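Colleague: Before we discuss the model in detail, please put the sequence and structure in front of us. I should then like to ask about particular side chains and their surroundings.

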Amino acid sequence: MKPNRERKLVLLFAAAVLLLIAAASLLASPSDDSDARPTTYNSGTAGIKAAYLLLGDLGFTTARWEQPTSALADLDAPHTTLIFADPSVPPENLPAVRADIAAFLHRGGRVLVTGDTSLLPGATLAPPTQPFQKLCLTTPEGRGPLARAGQVSIADQARWTALTPLVQVAQWCGGDAVVVSYPVGAGTAVWWSSTLPLTNRGLKDDASLKLVLASVENPSSQNPTSPTPDHPHPQILFDEYFHGVQTSLFDLTRGLPLAQIAWQTAAVALLLVLSFGRRNGPIRLPARLPRTSPIEFAESMGQLYRKAGATQAATESARHRLLHFLITRCGIPRAVAQSDALAEALQSRLPGDWTALAHHLTQAAEAQYQSLAPRSALALVKALDRDLRTLTERTTRPQLP
């Protein structure tokens, strides 16, 4: 394929990717926010995942409670706060659940219940006096921690009617008590008319955050965000049992635009297939040029040396080979190998006449500083190679006694 054609295809694919990105940004629907359950797994506006994570960042020990209320007997009640955010309790199980919660409170636990449900002992609820009012900006009453949160935006879904001397109303919505607290045994019960201040949408308000901290923390703590050895942070358990939440992979991906992710992934995969599979004709192996044979290489190098008149390189290479053999195999010191005493030293190790070998080495050393004729250089190289073969034969064959 020609380079220009490949460049056009690359530009075409890049333009297609840009068009897909623009179409996705214009046509993609917003993330799914249809889940109205106030659970710690829900990241939508109605969920309470932000409160679950925020309390953990503030130093509280947070966890999800996915067991029935009968297991509350195993908890350390004085150091535990249990949150029931608008739970869905079957009517036939309500008496047993209320009894378990009452026992937990009597042992020193703290329970926060939100919504139109009578889980707390002694709770009596009634419809709001203004049923068509969706939201209400409350009026604080008293100097308690729940009232010091200030005016809170809350939904008036129900009103607390059991206004006994022990019940402290902290927030009013007109004439409706929407935030109350009261002691039960050694524990404390807190009730809100709705979960809105705890949700991801409502927690953005400063008053809602203060109300959450005052509701989950022991009132004797001076600073909810700074625990002391005398007033440690309690363990906060978010009930998920009565929401029917199953911690499956599908629930964790709830709210994600899975359809948009799927077709965008398919489009990218198609572009990749078209990019690497764009050939239409038969595929052939590229032509391989034959490499030059070793003999041709040697002849070419010889011609280069002959043109340059570089006879010193050939003689010097042969001299170094012979010197290396004398030093490493024959045991001749380097200084002796390059002196006039070479023949005598070599004769003491290998009997024979080595005068010619020493003469050849002397000629090769002198050739470094003078230009020999090609024939003379060739004869000297051959002589040095013959000397090397002779030494090799004398050092490798066994010596007769």
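Colleague: With which residue does Arg321 form a salt bridge?
Modeller: This is a predicted model, in which local features need pLDDT of at least 70 and side-chain atom pairs count only at pLDDT 80 or more, while totals for chains, interfaces and linings use all residues. Residues are numbered from 1 along each chain as its sequence is written, and side-chain values use heavy atoms, with hydrogens and water left out. A salt bridge is a side-chain nitrogen of Lys or Arg within 4 Å of a carboxyl oxygen of Asp or Glu. The closest N and O atoms are 3.1 Å apart, and the partner of Arg321 is Asp385.

Colleague: How many residues apart are Arg321 and Asp385?
Modeller: Helices (H or I, at least four residues) and strands (E, at least two) are DSSP runs, numbered from the N terminus. Arg321 belongs to helix H8 and Asp385 to helix H12. The pair links distant parts of the chain, and the residues apart number 64.

Colleague: Does Asp385 count as buried, exposed or partly exposed, and at what relative accessible area?
Modeller: Buried means under 20% relative accessible area, exposed over 50%, and partly exposed in between (1.4 Å probe, protein chains only). Its partner Arg321 is partly exposed at 38%. Asp385 is likewise partly exposed, with a relative accessible area of 24%.

Colleague: Which residue meets Arg319 in a salt bridge?
Modeller: Side chains of opposite charge can pair when their charged atoms come close. Arg319 is buried, because its relative accessibility is 9%. Its partner lies 3 residues away in helix H8, about one helical turn. At 2.8 Å, N to O, that partner is Glu316.

Colleague: In which helix do Lys210 and Asp206 both lie?
Modeller: Lys210 and Asp206 form a salt bridge, with the closest N and O atoms 3.3 Å apart. Lys210 is partly exposed, its relative accessible area being 41%. The two residues are 4 apart, about one turn of the helix, and that helix is H4 (residues 206–216).

Colleague: How many salt bridges does the rule count?
Modeller: The pairs include Lys210 with Asp206 and Arg321 with Asp385. Arg319 with Glu316 is also among them. The count of salt bridges comes to 3.

Colleague: How far apart are the sulfur atoms of Cys136 and Cys173?
Modeller: A disulfide is a covalent bond between the sulfur atoms of two cysteines. The rule applied here requires a pair of cysteine sulfur atoms within 2.5 Å, and the count comes to 1 disulfide. Cys136 and Cys173 form that link, with their sulfur atoms apart by 2.0 Å.

Colleague: In which strand is Cys173 placed?
Modeller: The disulfide is right-handed, with 130° about the S-S bond. It links distant parts of the chain, 37 residues apart, with Cys136 in strand E5 (residues 136–137) and Cys173 in strand E9 (residues 168–173). Cys136 is buried at 7% relative accessibility, and Cys173 is buried at 5%. The strand of Cys173 is therefore E9.

Colleague: Which helix gives the largest share of the lining of the largest pocket?
Modeller: A pocket is an open set of points on a 1 Å grid over the protein atoms alone where a 1.4 Å probe fits, with protein on both sides within 12 Å along at least five of seven lines; lining residues have an atom within 4 Å of a point. The lining of the largest pocket has 14 residues, with Gly302, Tyr305, Arg306, Ala310 and Ala314 nearest its centre. Two or more lining residues come from each of helix H7 (294–308), helix H8 (311–328) and helix H12 (374–396). The largest share, 5 residues, comes from H8.

Colleague: What is the relative accessibility of Thr315?
Modeller: Thr315 is found in helix H8. Beyond its neighbours within four places in sequence, its contacts (heavy atoms within 4.5 Å) include Ala364, Leu372, Leu380 and Leu384. Thr315 counts as buried, because its relative accessibility is 1%.

Colleague: What value is phi of Asp86 near?
Modeller: Most residues other than glycine have a negative phi. Asp86 is placed in the loop between strand E2 (80–85) and helix H3 (94–106). Asp86 is a residue other than glycine with a positive phi, near 50°.
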